[in-house]
Structure formats: structure tokens, C-alpha cells
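Subject: Structure handover

Hi,

Please find the structure below. Open it in your viewer and follow along as you read.

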Amino acid sequence: MTAEPNAPGGAGSWQARDSRHYLHPFTDHHDLGQAGARIIERAEGCYVFDEHGQRILDGMAGLWCVNLGYGRDDLVDAATRQMHELPYYNSFFQTAHPPAIELAERIASIAPVGFELTFFTGSGSEANDTNIKLVRRYWDLEGKPEKRHIISRKNAYHGSTVAAAVLGGMGPMHEQLGPMVNFIHHIEQPYHFGLGREQDPAAFGLAQARLLESKIRQLGAENVAAFIGEPVQGAGGVIIPPDSYWPEVQRICRKYDILLIADEVITGFGRLGEWFGCQRLGIQPDLITFAKGVTSGYLPLGGVVVGERVASVMRVKGGEFAHGYTYSGHPAVCAVALANIAAMEREGVIDRVREETAPALADGLASLADHPLVGETRSIGLMGAIEIVADPVTGERFDEELHVGSRCRNFCFDNGLVMRAVGDSMIVAPPLVISPAQIDELVNTARRCLDLTGDWIASQE
Ligand SMILES: Cc1ncc(COP(=O)(O)O)c(C=O)c1O
């Protein structure tokens, strides 16, 4: 009998073909050539299956996006139907089509009051590039073109295009870009465990928010266009700001007449138990970035929901907004988003997150706090973190060279759980349809993998 052409290990295996031809995002290609990629072949519900048939609980919902889980016929059918009807048309130069119009209308119905207008992109990165142009356009139309500087935060993630990467605050991304955009500035983040665990959280939150005020004063408020922040930093390590943080940021933005952009690419569409994270945290932004969960990741879509302040100026003062993408408002993608939103509503997904599964995840993660490697656990909605430390009392970290977080992540994968490592912070953001029993499975596997990580660390001493 001849072997399967893609059989693992051979020259024709998926791994071999992958490392020969596929340049991966966020991957060290030297390591990839040595170890090979993990090949995921199919998925169902909250589980993915690798090429060996191993079932793995997807604790990251793909990349924070597969909110309704895998294998949803309703989303597939919506795309198929729309592709038969109108597979593509654009919205440039005063044209439009029903799916984009319906979706924009639908988003207005679930967004905070005063958010009536949506711009569509193909991704969160493109949406944040759009934000940069939107705030410029707004201040130009307002007769204040010198307001062009944007303030962001260290360790923020706002995407991977050149502008979005500079807008973000990820050191390794900046290192590979060099100083390319000189109107974006970064202040320190509200990371209590990492930067201020010895301080009272409320005082720490206020102090971190006031860094914004100092930066605005340093640049001159007349030069500052906007502040951008994720309501809860996701890729940075599920950094949940103290309750005092956002109200103070909001106050400062108002005081100095600075637009506030909430990047809700992760927190939008239900992850915090509301349609948008700013509804949960009481933030009143001017622009909201979204992507990912809007289609549960079945097709790529992002965008900006534009608040009344900016929308009314663009409508009243007019002039072409010289910006757009071929796939802005792609009909099939919009049809999937509409089906996704309808299913979330019909199935009460967000209520279940708020009332059942978010509390279950919080309890489950809290039960890990007694583990000798754990310095802190935290969660909000269905996103959470476990801080791995050498000393839970002082919060001292392990030697970076040990790459303890990556070790733990690999143990998780091998034992049937996707959990992501951000340094030595382990993070989870499962599909919003995860059940309490699956949350137990996630937590039990995490404990087992923390044990394995502890054994491995001991073996290195
Ligand atoms: C908060 C945030 N903004 C923007 C992005 C970029 O989105 P995309 O990868 O769709 O460009 C991400 C992606 O993870 C994100 O988490």
C-alpha cells in the first residue's frame, strides 16, 4: 500500500511543504524549519483537530475571533447564498449594495447610542489605519489641522500594517520598522501586576491615566488629535485596567478636546458580555474599531463605527474622504456578519457569556491561584490571564532564557488545549459558545500543564 502523500514525517508531508513555501505571520522561520508547523486540519464547535487526529480545545477562539465556534452551517450558507446573488461589488464613488447597507444599519442598532455610521475594511489593522485618516480629516474639517498627534500605549496591539504597527506599542514590531511615523506617541500601560502590584489598584489606575495628561501637556493640546486604547489590552497579555483608569482617561480627553478611539477588535461583539466593551466599561469613545468577532472569523471583515461628533462633521462639511479598500463592505463578508449577529441574538450568546460562562471562567482561573507557579489570575468576560512567576509572593519572573511561557504553551498544545503565551503570561479567550463543562476542561488541562511546566523547570536546575 502506498503512503498518503501528506503523511507526517515524509518529504511530501504538510510540514515539509509548509516550511519550503509558506512564509508565516509572526513566526521565526529558522525555528519553523527545524521543528515544523503544527498542522490543523479541521474543527468543530470549540475544538480543532490536528493532522494526527488529536482533538484540541481552542482556548483562543482561533485568534480571538471564532466567537460562535467552528462548523456553523448558517454562516457558510449565508456566504454561499450571497456569492450566488452578488459575489462582489464595491462601494466607491457613490455605489452600494444591500448587504453592506444592511450590516451598517445592523451595527448601528447594537452599537452605543450615537454611533450610526460604519466604515468597512478587511481587517482590524486597516480599520486603525482608517482611524488615523479619519481623525486627521475631522480636525482638518474643524479648521484645526495642527491637531495631528495621536497618543497610544506601550504594549498595545493595533495591527500589523505600517501605520497600525506604529500605533501599537509592541517593541519587537517597532524594532523591525525603525522610526517611520513621527506623530504617534506612547505612554505606559495600566498593567497592575507587571508595573504596580505593590500599589493600590485604584491609585495605580489614576496614575497611569494621568500619564496621558502629562503627554498631552508636553505635546500641547492644540497639537493632539486623539488617544487610542483597547478597553482591555488583548495581545499585550489580557491587561485589565483598574476601574479608576477609563473614567480618568475619558475626563482628560474631554478636558483637552482630544478624540477617543476604542479599539474593540477583541472586545467587540460580545467578548465582555456586551456587544461592545465600552458599554461594559462605561467608556464613551468617538470612534470604535472592530474586526474578528463580527464574522466569528469565518471571513475577514473589520471597520470603524463612527460616533456622532465625527460623523456629523463629515456629513455637514463634506468633501471626499480619500480613503477606501477594494474589499470595503464585500457583499459575502457582510452577509456572514449579518448571519453571525443574528445567531448571537437568537441564541442569547452574549447573555450567556455575562451570566454563566464569564463567571465560570473567573472561578476556574481563580482556582489556579494556589498553584506554586501562579502569581495572579484575572479575567473579564471571556478573556483571562495566568501570570507564571518564580516567586508568587514577590512576583519575580523566571529567567527569560528559559522561555517558560512558551514551554507551558507547548505542554498545553500536546495535552489538548490552545493557550497563548505572552512572555510568561498565559492567556485565554475561548469561543463565546464554550460550555461550563468545557471551561472545567480548560482549567483542568491548564493545571496539568502548569504542573508539567513546574517539573520541567525543576529538571533544569
Ligand atoms: C486590538 C486589536 N486591534 C487590531 C488588531 C489587528 O487586526 P487584524 O489582525 O485583523 O489586522 C488586532 C489583532 O489581533 C487587535 O487585537
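Is H371 buried or exposed? H371 is buried, because its relative accessible area is 5% and the cut-off for buried is under 20%. H371 sits in the loop between α15 and β11. Leaving aside residues up to four places away in sequence, H371 touches R447, L450 and D451. One caution before you go on: this is a predicted model.

**Helix α15**

Step back from that loop to α15. This helix covers residues 349-366, and a kink of about 40° lies in it at T357. The proline P359 follows shortly after the kink. T357 is also one of the buried residues of α15. The others are V349, I350, V353, A358, L361, G364 and L365. What covers them? The cover includes the helices α14 (331-346) and α17 (436-460). It also includes the strands β11 (374-380), β12 (383-388) and β15 (425-428).

**The sheet**

Now find the open sheet of seven strands. The order is β4-β10-β9-β8-β7-β5-β6, and the pairing is mixed. Which strands stand at the edges? They are β4 (115-121) and β6 (184-187). Each has a single partner strand, so one side of each is left without a neighbour in the sheet. From one strand to the next, the twist averages 25°.

Start inside the sheet with β7, residues 224-229. Four bridges join β7 to β8, and the two run parallel. In that pair, A226 stands opposite L259 of β8.

Next comes β8 itself, residues 259-263. It pairs with β9 over three bridges, again in the parallel sense. I261 has L287 as its bridge partner in β9.

Then look at β9 and β10 (residues 302-307). This pair is antiparallel, with four bridges. F290 has G303 as its bridge partner in β10.

Strand β9 (residues 287-290) deserves a second look. In a regular strand the side chains alternate between the two faces of the sheet. In β9, L287 and T289 are on one side, with I288 and F290 on the other. Both faces are covered, and these four residues are all buried.

Two helices to look at here are α5 and α6. Helix α5 (residues 98-110) packs on the sheet and touches β4, β9 and β10. Its direction makes about 135° with that of β4. Helix α6 (residues 124-141) lies across β4, β5 (149-153), β6, β7, β8, β9 and β10. It runs at about 165° to β9.

**The ligand**

Which residues surround the ligand? Among them are S123, G124, S125, N128, Y157, H158 and G159. The list also includes E230, D263, V265, I266 and K292. Three side chains give you distances to check. An N or O atom in the S125 side chain is 2.5 Å from an oxygen atom of the ligand. For D263, a side-chain N or O atom is 2.7 Å from a nitrogen atom of the ligand. For K292, the distance from a side-chain N or O atom to a ligand oxygen is 3.0 Å.

**Helix α11**

Helix α11 spans residues 245-255. Its buried residues are Y245, W246, E248, V249, Q250, I252 and C253. What covers them includes β5, α10 (201-219), β7, β8 and α12 (277-281).

**Positive phi angles**

Most residues other than glycine have a negative phi. Here are three residues with a positive value.

- D257 comes just after α11, with a phi of about 60°.
- V238 is not a glycine, and its phi is near 50°. V238 is in the loop between β7 and α11. It counts as buried, because its relative accessibility is 0%.
- Q94 is not a glycine either, and its phi is about 65°. Q94 is in the loop between α4 (73-85) and α5. It counts as exposed, because its relative accessibility is 84%.

**One more loop residue**

Last, go to E188, in the loop between β6 and α9 (192-195). How does E188 count at 24% relative accessibility? It counts as partly exposed. E188 touches R153, K154, L195, Q208 and L211, leaving out residues up to four places away in sequence. E188 and L211 are 23 residues apart along the chain, and their C-alpha atoms are separated by 7.3 Å.

Best wishes

Definitions and conventions
Residues numbered from 1 in each chain as written. Predicted model: local features only at pLDDT ≥ 70, side-chain atom pairs only at ≥ 80, totals over all residues. Heavy atoms only, no water. Bend = angle between axes of the 7 residues up to and from the residue. Buried < 20%, exposed > 50% of the residue type's maximum accessible area, 1.4 Å probe, protein only. Contact = heavy atoms within 4.5 Å. Pairing = 2+ DSSP bridges. Axes fitted to C-alpha atoms, helices over the stretch in contact; angles between N-to-C directions. Near = heavy atom within 4 Å. Polar contact = N/O pair within 3.5 Å; in protein donor to acceptor, adjacent residues only side chain to side chain.
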